[in-house]
Every structure is written in C-alpha cells, then in structure tokens.
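Dear colleague,

Please find below the structure that I am handing over to you. I would be grateful if you would keep it open while reading the notes beneath it.

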Amino acid sequence: MKYIPVIGLEIHAELLTKSKVFCGCQNEFGGGANERVCPRCSGMPGTLPILNQSVVAQAVRAGFALNCDINEYSAFDRKNYFYPDLPKAYQITQFFHPICTNGYIELKDTKIRINRIHIEEDAGKLVHDEYEGISMADYNRCGVPLIEIVTEPDFRTIEEVQSFVSDIALRLKYAGVCDAKLEQGSLRVDVNISLMPYGSDVFGTRAEIKNLNSIKAIGRAIAYEIERQSEILDQGGKVVQETRRFNDNHGDTKALRSKEEAHDYRYFPEPDIPPVFLSRETISEIQKTMPKMPGERMQEYTEKFGLPQEDAELIIADRAFSDFYNAAAASCPEYREIANLMLGALNRCLNESGKTVEQLQFTPAELAELAQLSADGIISKNTARDILVILFTEGGKPRQIAEKNNWIMQNDTDWIEKIVDEVLAQNAGCVSDYKNGNQKVFGFLMGQVIRAVGKSGNPKLCKDLMMKKLEE
C-alpha cells in the first residue's frame, strides 16, 4: 500500500542574549562543564527566577520574522517531568498562553502554518562515556533561553521539511535572535511523523524523532521512519506513539520512551513569574527595528535590481553580506557590477583570509565607487577586481589607487592602433591563419595586444581595432 507522510515540526532555537532567561549566568556556547550554573538556574530551594526582558523582545522579533500574531498577554507554566539533565524536575515554559501564534511560511508549492512560538528554558546535557560505562551531567545549558516553534502537520515531503528548516534558520539569523548553528545545538529539530493511506484524510499514529542537528540528518531520519512505519502497516501492525532517537552513524531510529501526552506533564501556571503584558506601542517599536526578510530581498534583487536568482540567493545567504550589498546599491545603481565584485573578488578575499564582512577596511560607498568606475569604462573589469583586492588588504580610495598605478583606461585610438599594427606585424603567420578561417588565433592576438597596452588600455577599443585590421 502507498502512504502519504504527515509531518509536523518542533524547532528549538537558542536566543542570542548575554545572560540566561531567569538568572544572570552567562549565555554562551562551550566552556568547561558546569562553569556557568548557579543556584537559580539549577532550581535550588529558596531561589526565585527573574525574567530576562531581552528574551521577551527577541521572541517578539522571531514572531515578526515568521509572520505571527504577537500576543499582548502571555504567561509561564511549569512542565513537570524527571530527567537527570533537569535538576529541578520541571521546566519553565509557556503552555497555556504563548507569546506568538498563527504564523506561516510560504514555500514554493505550499504554505506551512506555524501554530505557536513560546518561550522556555533549556535543560542541561548528558555526556555519555561508553568506554567507562557512565553518564555525566553538564548543567551549563540549564536556563539558556529558547523559543520553540511548533508547526501544524502540513509537510508531505522531505524536501519541504528541509527547505522550511533552512528558511527558518535564515530568518532567525536575519532577525538577530539565533545564530542557528545546528552543529552546536543552537537550533534543534524534533520531527513528528505519521503515515496516511492514499485517499484517506485520517492521520496515522505519529512517532517523534528528537534532536536532529543537520539538514542532512533530518532527511535521512524521515526517510528511515517512512520506511519503518510502512513496513509495520503493510504487515498489519500498528505504529506505537513514542519518542525515538536518530543514530547518524547507522542511519536508523531507536525507541527512547513512550510518547507522553500533555496531561502526563502536569502543566500548571508558574507561581513565581508574573504574566507578560506587552503594549501595542512596545510591539510596534520592536517591529520598526526588523530588517527586510530574505523573501523581500529576493524579490527586490531579482525584480528591481535585475540580478539572476542564483546571484541573489548567494547574497541573501548571509545578512551582513546582504546589508553591505544594499548599502553599496543605495550609493550606485550599477547593481549587477556590485554583485559581480562581491560574489567574485570579495568572496575570494574573505574565504582566503577567514575574515567577515564586518572586518572590511573599506565602506559600501567605496565599493559602489569602484563599480561605477568599471561601469563607466574608466577602468577595466579586471582592473576593478585588482583594486578590490588592494582595498581589502590595504584600504584606500578606488580612483586614487587606479591613478597611482596608471590603471585609468586610455582611449587614445592612435596609440592603441599603433600597438595593434605592431602585434599583427610580429605575428604575420597568425594573421594569415585567421584570414584562412582559423578564428581561434584571435584570442592569442588579443592577448598580445592587451599585454602591450597594459591595464590602461581599453579592451573594447583594442578588440574593435583588431577586428577592423584583420578584416581589411
């Protein structure tokens, strides 16, 4: 029998605050085990949580990035369960009154609904030593601020899920609320998946795959789970509702525990944290600080600036890179030329040096000036790339660099014509071959002319004069 996968996601994103959500401990990745933990974030008796206001603001920003409604009233609850990485045996979250609801993301062929975004604290981390046969608890992550993004079960293919997660990661980075480093666990994905027979509209029993930390692992885990559940159903069995773990080395999932329902967690309102009230003015002020999202930029780059979609996607992939491009484009309408310089020479410099756009020695306006010099024919495109390398390594002003190195293109027809004549005279055999139909030698002859005129020669003028001479 053929089945339709029905998939929903729960995405946990760590927020980029300086301190944890309910205490003053540092919120940072790495470091020694249990170095960033205090009585408050570990829930010791006699301590009280204090809400970090920047966590609320970042959750609102995430809501705007994902087209959610921002709720003026939200409140915290206790989710009670025992696990060794949760020292106080409950997790503070927002179950009954989340901060954001009713969002959506539009993919190419479908619209994925987002049920809610709620704030919660992270648990600690267990480190398993299989050699010694022991497990150790690192509580540094306890109290790290999270948002959980819960979708509706709107996915039907692996490709939709992977595209959605990539889009969410990019949007959160643009909003400045999460670095979305899956390999470090700052973005973790839980997949709920069931199978539905073709022609049916009744969902099957779902399994939850926990803590997937790469786009590739998400695809492999879903593919395995579709095959596993299909075999069970084809043999007349029933899928058990449970939580499963994906083994990246083996490419399979294993049962962890039976899936708890909401009532098993015994949620009740958090007594030590008052509700959060947001005025419309506060929400509006946060909205004003939101940058243009990737989709808006894609539309602008392709429709207004005329960039190929592939180039636009490369620029948008990093917000700082895109912001630099936008600032340069605001100073000069040579949109394609700016994009070519950034995606070519600038990217090579960044990759080779390991630097970021924020560390550049030149400004977007100076890059725009360089693009304008190239577009106006004052310097050649090759020279523009050379100047960009100098700007990257030494700084300076594009026109001054061109003038200092005698790279301003000369349009002296008599001078260039004389050089063309000399090159043709020195390569009479190639001229004869060209006139006999071997047009491949034209590139060789042009190379000789360009070498002779140097970077100050106008390549187009050189080519036009060469063509004219060869056709005589």
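The notes that follow take up strands, surface, cysteines, aromatic rings and backbone angles in turn.

Please bear in mind throughout that this is a predicted model.

Strand pairing

Strand S8, residues 125-129, is joined to S9 by five bridges, and the two strands run antiparallel. Within this pairing, Lys125 has Asp138 of S9 as its bridge partner. The hairpin made by S8 and S9 has four residues between the strands, and Gly133 there takes a positive phi near 75°.

A separate group to look at is an open sheet of three strands, ordered S5-S4-S15, with antiparallel pairing. Strand S5 (90-93) and strand S15 (268-269) stand at its edges; each has a single partner strand, so one side of each is left without a neighbour in the sheet. Between S4 (residues 77-80) and S15 there are two bridges, and Arg78 has Phe268 in S15 as its bridge partner.

Surface

A nonpolar patch on the surface is formed by Val127, Ile134 and Met136, which together have about 240 Å² of accessible area. Of these residues, Met136 belongs to strand S9, residues 134-138. The side of Met136 open to the surface can be put in numbers: the residue is partly exposed, with a relative accessible area of 41%.

Cysteines

How many disulfides does the structure hold? The count is zero. A disulfide would require two cysteine sulfur atoms within 2.5 Å. For Cys100, the closest cysteine sulfur is that of Cys68, at 5.3 Å, which is too far for a bond. Cys349 has its closest cysteine sulfur in Cys332, 19 Å away, and this is likewise too far for a bond. Both residues are covered: Cys100 is buried at a relative accessible area of 0%, and Cys349 counts as buried at 9%.

Aromatic rings

The whole structure contains 10 aromatic pairs. One of them is formed by Phe324 and Phe362, whose rings lie edge-to-face, 6.0 Å centre to centre and with 90° between the planes. This pair links distant parts of the chain, 38 residues apart: Phe324 is in helix H7 (residues 319-331), while Phe362 is in the loop between helix H8 (335-353) and helix H9 (364-375). Are these two rings' residues, Phe324 and Phe362, buried or exposed? Phe324 is buried, with a relative accessible area of 8%, and Phe362 also counts as buried, at 3%.

In addition, Tyr301, Phe305, Tyr325 and Tyr335 form one aromatic cluster.

Backbone angles

Most residues other than glycine have a negative phi. Two asparagines merit a look on this account. Asn67, although not a glycine, has a positive phi of about 60°. Asn67 is located in the loop between helix H1 (53-65) and strand S2 (69-70), and is partly exposed, with a relative accessible area of 29%.

Asn102 also has a positive phi, of about 55°, without being a glycine. Asn102 lies within strand S6, residues 100-106, and counts as exposed at 53% relative accessibility. Strand S6 therefore holds an exposed residue, since the cut-off for that class is over 50% and Asn102 stands at 53%.

With kind regards

Note on methods:
Residues numbered from 1 in each chain as written. Predicted model: local features only at pLDDT ≥ 70, side-chain atom pairs only at ≥ 80, totals over all residues. Heavy atoms only, no water. Patch = residues over 30% accessible without salt bridge, like charges linked within 9 Å, V, L, I, M, F, W, Y side chains within 5 Å. Areas by Shrake-Rupley, 256 points an atom, 1.4 Å probe, with all protein chains shown as cover. Salt bridge = Lys/Arg side-chain N within 4 Å of Asp/Glu carboxyl O. Buried < 20%, exposed > 50% of the residue type's maximum accessible area, 1.4 Å probe, protein only. Pairing = 2+ DSSP bridges. Phe/Tyr/Trp six-rings, centres within 6.5 Å; stacked < 30°, edge-to-face > 60°.
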